[in-house]
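Let's take a walk through this protein together. Have the model open and turn it as you read.

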Amino acid sequence: MEHMHESHAGHEGHEGHENHHEHAHGVGGSVSWGMAARATLHCLTGCAIGEVLGMIIGTALGWGNVQTMILAIVLAFFFGYALTLRGVLAAGVDLRTAIRVALAADTLSIAVMELIDNGVIALWPGAMDAHLSDPMFWIVLAIALAAAFVITTPVNKWMIGRGKGHAVVHRYHH
């Protein structure tokens, strides 16, 4: 959808306004922290679903910490990509292109998020051995996800500002 700013009645062209569409989506311009935070929150949602589901499945199956953490990471990537795929496919994009868009949009973001999230859990004394019924599990998970959000948001801001990450997804929403 192209914006035709010169055709607005009573408005002459605004200096720099002709690139508003590109700037709003982070291509070639500054990116707001709000846009970066929304992209990170989208990624965090998929990661959190995958993390919790992985912990539940690993615990239910009696798996050890390493196997459970690997499952949680795999599921975090799966759900992170799945949320992006859902939106891109809804825009009418074919599956092959949608998969490429999701991989381009989310891989670095999810990887940073998982590194921080799992790093906090692994390094927090007693967190790896906390069970789902233990308040410590949920408190440390919340702290880990919050840390991952705070650290990943600038990464997403940087990527969107260069036309990467969720800037790729935005091209298919219009």
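**A pocket and its surroundings**

By class, nine nonpolar, seven polar and one charged residues make up the lining of the largest pocket. That is a lining of 17 residues, and those nearest the centre of the pocket are Thr59, Asn65, Thr68, Met128 and Ala130. The space inside the largest pocket comes to about 240 Å³. Two helices are worth colouring here: helix 2 (33-60) and helix 3 (65-90) each give at least two residues to this lining. Keep in mind as you look that this is a predicted model.

Now step back to the whole chain. The protein has six helices and zero strands, so its elements, read from the N terminus, run α-α-α-α-α-α. Of its 174 residues, 39% count as buried. Contacts in the protein with a separation of 6 or more are also informative: 69% of them join residues 24 or more positions apart.

Next, let's see how one pair of helices packs. Two packed helices are described by the angle between their axes and the distance between the axes. For helix 3 and helix 4 (residues 95-123), the axes come within 8 Å and cross at roughly 145°. The crossing of helix 3 with helix 4 is right-handed. In the contact of these two helices there are 18 nonpolar, four polar and two charged residues.

Tyr81 is a good place to zoom in. This residue belongs to helix 3, and what does it touch beyond four places away in sequence? The partners of Tyr81 are Ala102, Leu103, Asp106, Thr107 and Ile110. Take Thr107 from that list: Tyr81 and Thr107 are 26 residues apart in sequence, while their C-alpha atoms are 8.2 Å apart in space. Is Tyr81 buried or exposed? Tyr81 counts as buried because its relative accessibility is 17%, and the cut-off for buried is under 20%.

On helix 4, have a look at Asn118. Its relative accessibility is 5%, and therefore Asn118 counts as buried too. Leaving out residues up to four places away in sequence, Asn118 touches Glu51, Met69 and Ile73. Glu51 falls within the 33-60 range of helix 2, and Met69 and Ile73 fall within the 65-90 range of helix 3. With Asn118 selected, you can follow its contacts to Glu51, Met69 and Ile73 in the model.

How values were computed:
Residues are numbered from 1 along each chain as its sequence is written. This is a predicted model: local features need pLDDT of at least 70, side-chain atom pairs count only at pLDDT 80 or more; totals for chains, interfaces and linings use all residues. Side-chain values use heavy atoms; hydrogens and water are left out. On a 1 Å grid over the protein atoms alone, a cavity is a set of points where a 1.4 Å probe fits but cannot get out, and a pocket is an open set with protein on both sides within 12 Å along at least five of seven lines; lining residues have an atom within 4 Å of a point. Grid points are joined across faces, edges and corners, and a volume is the space filled by probe spheres set on the points. Helices (H or I, at least four residues) and strands (E, at least two) are DSSP runs, numbered from the N terminus. Ala, Val, Leu, Ile, Met, Phe, Trp, Tyr, Cys and Pro count as nonpolar, Asp, Glu, Lys and Arg as charged, and the others, Gly among them, as polar. Axes are lines fitted to C-alpha atoms, for helices over the stretch in contact, and angles run from 0 to 180 degrees between N-to-C directions. A crossing is left-handed if the near helix is turned anticlockwise from the far one by less than a right angle, and right-handed if clockwise. Buried means under 20% relative accessible area, exposed over 50%, partly exposed in between (1.4 Å probe, protein chains only). Contact means heavy atoms within 4.5 Å.
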